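User: Hey, I'm new to this one and would like a quick tour. Could you start with how ring pairs get counted?

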Amino acid sequence: MKETPKNTPKQAFEVSNMVFVKGGTFDMGDVFDDNHEDDEKPVHAVTVADFYMAACCVTFEEYIMYCF
């Protein structure tokens, strides 16, 4: 049985077109200390929650249907 997304898309989209992406935690920033940009430091942990994503690209027409 297919799991239903918590935030289901509007009726214009099929849930079957969505794929589950497992969240996780990763270190963001200059972990190798080879880039001297200030906006990449300090290295910090980022956690992303589980989410659903369309399996295929969304056309402009599909996006417009979603908006209304």
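Analyst: Sure. Rings of Phe, Tyr and Trp (its six-membered ring) pair if their centres lie within 6.5 Å; planes under 30 degrees apart are called stacked, over 60 edge-to-face, and the rest tilted. By that rule there is one aromatic pair here. Phe20 and Tyr52 make an edge-to-face pair, 5.4 Å centre to centre with 65° between the planes.

User: Where do Phe20 and Tyr52 sit in the chain?

Analyst: Phe20 is in strand 1 and Tyr52 in strand 4, so this pair links distant parts of the chain, 32 residues apart. Strands (E, at least two residues) and helices (H or I, at least four) are DSSP runs, numbered from the N terminus.

User: Before we go on, what kind of model is it?

Analyst: It's a predicted model: local features need pLDDT of at least 70, side-chain atom pairs count only at pLDDT 80 or more, and totals for chains, interfaces and linings use all residues. Residues are numbered from 1 along each chain as its sequence is written, and side-chain values use heavy atoms, leaving out hydrogens and water.

User: OK, and what's the overall pattern along the sequence?

Analyst: The order is β-β-β-β-α, with four strands and one helix in the protein.

User: How much of the protein is buried?

Analyst: Of the 68 residues, 9% are buried. Buried means under 20% relative accessible area, exposed over 50%, and partly exposed in between (1.4 Å probe, protein chains only). Phe20, from the ring pair, is partly exposed at 41%.

User: How many salt bridges does a search of the whole structure find?

Analyst: One. A salt bridge needs a side-chain nitrogen of Lys or Arg within 4 Å of a carboxyl oxygen of Asp or Glu. Here Asp50 and Lys22 meet, 3.6 Å from N to O. Asp50 lies in the loop between strand 3 (44-48) and strand 4 (51-54), and Lys22 in the loop between strand 1 (18-21) and strand 2 (24-28), so the pair ties together parts 28 residues apart in sequence.

User: And are Lys22 and Asp50 buried or exposed?

Analyst: Lys22 is exposed, at 62% relative accessible area, while Asp50 is partly exposed at 39%.

User: Switching topic: how many disulfides?

Analyst: Zero. The rule asks for a pair of cysteine sulfur atoms within 2.5 Å.

User: Why does Cys57 have no bond to another cysteine?

Analyst: Because the closest cysteine sulfur, in Cys56, is 7.3 Å from the sulfur of Cys57, too far for a bond. Cys57 is exposed, with 77% relative accessibility, and Cys67 is partly exposed at 36%.

User: Which residues form the nonpolar patch on the surface?

Analyst: Val19, Phe26, Met28, Val48, Phe51 and Met53, with about 480 Å² of accessible area together. Patches are made of residues with over 30% relative accessible area and no salt bridge; nonpolar side chains (Val, Leu, Ile, Met, Phe, Trp, Tyr) are joined within 5 Å, and like charges within 9 Å. Areas come from the Shrake-Rupley method with a 1.4 Å probe, and for residues only the protein chains shown count as cover. Strand 2 and strand 4 each supply at least two of the patch residues.

User: Tell me about Val19, then. What does Val19 touch?

Analyst: Leaving aside residues up to four places away in sequence, Val19 touches Phe51, Tyr52, Met53 and Ala55; contact means heavy atoms within 4.5 Å. Val19 is in strand 1 and partly exposed at 38%. Phe51, in strand 4, is partly exposed too, at 32%.
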